[in-house]
Amino acid sequence: MSQAVTFTDMARSRRKLAHALAWAGGLALLSWAWNGADMRPLDLFRDFGNMAQYSRDFFPPSFRDWRLYLEEMLVTFHIAVWGTALAIVSSVPCGLMSSENIVSPWIYQPMRRLMDACRAINEMVFAMLFIVAVGLGPFAGVLALWVHTTGTLAKLFAEAVEAIDPRPVEGVRSTGASAFEEIVYGVIPQVLPLWISYSLYRFEANVRSASVVGMVGAGGIGVVLYEVIRGFHYAETSAVLLIIIAFVSLIDLASAGIRRLTI
Amino acid sequence: MPPAISVTGLSKTFNGKWALNDINLNIAQGEFVALIGASGSGKSTLLRHISGFLAADQDCPSLITVLGRPVQRQGRIDREVRAVRAGIGFVFQQFNLAGRLPLITNVLTGLLHRVPWWRSLPGWFTQREMAEGFSALARVGIADCAWQRTSTLSGGQQQRAAIARSLVQRVKIILADEPIASLDPESARNVMEIISGINREQGVTVLVSLHQVEVALRYCLRTVALHHGRVVYDGLSRDLSPSLLRGLYGAAADEILDSNAAFVSAPVKPGLVPKVAEALG
């Protein structure tokens, strides 16, 4: 009896120690990063007046050039459409080749590392690289979104494939079908709703990203945004930001609606 | 005429435990053979070796052939196994159909092995191929469900669709792995009647694993009994008395003798083995 009591006491004190260590570790990390991140919370209060002044400059928004903004917003939308479409097409083979229940480690390990690389590097960086290759403009933005989105979508596609029920695939295999036929008739029907949902979600994200890749010169509303910020035209900046917010919300609503239909 | 199924010296271990231990089995073309045994006795494992889903242990000289063509030799699956599988219809306990596809598409997967890839991958089937799918569904009595999403159908309907897939596949052999274990008694009887009809009318060889010995008695002339991965009985079903089964299986015999009301109460057809059914009932 007394032995059992000492045992639970030991377990409890061990858990307390683990909690204390976890907290200590977390706090140590935060304080170590404090200087590197140049944290100056008091400045928020000291410079409050400046910020109030700065925010006042944004109002009222100036929609004088709204035609241009809308046109460029549409270009941004087109960049997102093509960047996502190309990414979906290349994510199907890349995703299947990253799935451990479809291919051997000799294929999925290198493919996963390649996808990691595509995902790790931001769209902005890819955009700057592609601008050197294909020149300023929307096409560089499309290429940047394509590469980065393939990295993300292929991983999501592969996760869906790895979670399938193997039995329908075996059912197709039992008829003497080839490996590709097993995928088309056994795997794809199971993952398609998820794949569509992921693709639409990435499309939403890409409309947001496409408005940013423009800032490095890859076309669309981002170019306009960069110019008005650089020119201290805050009323115009505010108008552009409002248009981006309205457009992105609209796309989010629409794609959420479509996603609900597909599941 | 080569045997429909020939298994020699087949052994399989999973993590050092015997799943199959030196199985030797010959099934002639046109036979309807039951494979019985308690759960874990190796029935599924044996069937999955015959269609080449599993490879035997490599250190024993095993050989499995189907209609004279090798499926696997010494634990190595034959390169041409897909062509052999095309002649085998596999009926699974859980049907193994793609739930989101319409029933007819699942049935048409049976002809993938003889459709060129440029038509099979985009799913372009000819009028004649579609007609073959529909007539197979009509044969098993569910033609009106052809365009329904498979997951919306009952277990019995899905299992009949799986049999329709084998018909479209124009198989010579049906391997059925506990085809009625997940079905209600009425659907179970229906499925067994369809399989036995295909055996009688088309001469398709059938090896069916069953949980209950009454079903074996009713439909199969010959029964192979497995226990702990060994063949403990291979002979006429009618010679399988409860006392013999108790001798073979000990306490586990109750699991396979557990009576199934639908099969016991249904009228016995001529040509079957009524005496044994009575003895067991």
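1. Start with a salt bridge inside chain B of this predicted model: the side chains of B:Glu201 and B:Arg139 meet at 3.1 Å, N to O. B:Glu201 sits in helix 7 (residues 185-202) and B:Arg139 in helix 5 (residues 127-139) of chain B, so the bridge ties together parts that are 62 residues apart in sequence. As for cover, B:Glu201 is exposed, with a relative accessible area of 58%, while B:Arg139 is partly exposed at 36%.

2. On chain A, have a look at the charged residues A:Asp38, A:Arg40, A:Asp43, A:Arg46 and A:Asp47. Salt bridges with shared partners join these residues into one network. Counted over all chains, the structure holds 22 salt bridges.

3. Back in chain B, another pair is worth a click: B:Glu31 and B:Arg222 form a salt bridge through their side chains, at 3.0 Å from N to O. B:Glu31 lies in the loop between strand 2 (17-27) and strand 3 (32-36), and B:Arg222 is in strand 10 (residues 222-227) of chain B, so this pair links parts that are 191 residues apart in sequence. B:Glu31 counts as partly exposed, with 22% relative accessibility. B:Arg222 has 13% and counts as buried, because the cut-off for buried is under 20%.

4. Now the interface. The contact takes 18 residues from chain A and 26 residues from chain B. About 1,900 Å² is buried between the two chains, and carbon and sulfur atoms give 60% of that area. Which three residues of chain A supply the most of the area that chain A buries against chain B? They are A:Ser174, A:Thr175 and A:Tyr185, which together supply 34% of it.

5. On the polar side, six residue pairs are in polar contact between chain A and chain B, counting pairs with both residues at pLDDT 80 or more. On the side of chain A that touches chain B, the elements giving two or more residues are helix 8 (166-173) and helix 9 (179-213) of chain A.

6. How many salt bridges does the rule find across the interface of chain A and chain B? It finds one. A:Glu170 pairs with B:Arg48, and their closest N and O atoms are 2.7 Å apart. The pair runs from helix 8 of chain A, where A:Glu170 lies, to helix 1 (residues 43-50) of chain B, where B:Arg48 lies. Is A:Glu170 buried or exposed? It is buried, with a relative accessible area of 13%. B:Arg48 counts as partly exposed, at 21% relative accessibility.

7. For a surface feature on chain A, try the nonpolar patch made by A:Leu42, A:Leu44, A:Phe45, A:Phe48 and A:Met51, which together have about 620 Å² of accessible area. Helix 2 (41-46) and helix 3 (48-57) of chain A are the elements that give two or more residues to the patch. Helix 2 gives the most, with three residues. A:Met51 lies in helix 3 of chain A and is partly exposed, with a relative accessible area of 36%.

8. For an interior residue, pick B:Val191 in helix 7 of chain B. B:Val191 is buried, with a relative accessible area of 0%. Setting aside neighbours within four places in sequence, B:Val191 is in contact with B:Gly156, B:Gln159, B:Arg160, B:Ile163, B:Ile180 and B:Leu183. One of these partners, B:Gly156, is 35 residues away in sequence, with the two C-alpha atoms 7.3 Å apart in space.

9. Last, some backbone details to check by eye. In chain A, a cis peptide bond joins A:Phe59 and A:Pro60, with omega at about -5°; A:Pro60 is in the loop between helix 3 and helix 4 (66-96) of chain A. In chain B, B:Leu67 has a positive phi of about 50° although it is not a glycine. B:Leu67 is in the loop between strand 4 (63-66) and strand 5 (69-73) of chain B and is partly exposed, at 27% relative accessible area. B:Phe95, also not a glycine, has a positive phi of about 70°. Its place is the loop between strand 7 (88-91) and helix 3 (103-108) of chain B, and B:Phe95 is buried, with a relative accessible area of 8%.

Definitions and conventions:
Residues numbered from 1 in each chain as written. Chains lettered and ligands numbered in written order. Heavy atoms only, no water. Patch = residues over 30% accessible without salt bridge, like charges linked within 9 Å, V, L, I, M, F, W, Y side chains within 5 Å. Areas by Shrake-Rupley, 256 points an atom, 1.4 Å probe, with all protein chains shown as cover. Salt bridge = Lys/Arg side-chain N within 4 Å of Asp/Glu carboxyl O. Helix = DSSP H or I, 4+ residues; strand = E, 2+ residues; numbered from the N terminus. Buried < 20%, exposed > 50% of the residue type's maximum accessible area, 1.4 Å probe, protein only. Contact = heavy atoms within 4.5 Å. Buried area = accessible area lost by both parts, 1.4 Å probe. Polar contact = N/O pair within 3.5 Å; in protein donor to acceptor, adjacent residues only side chain to side chain.
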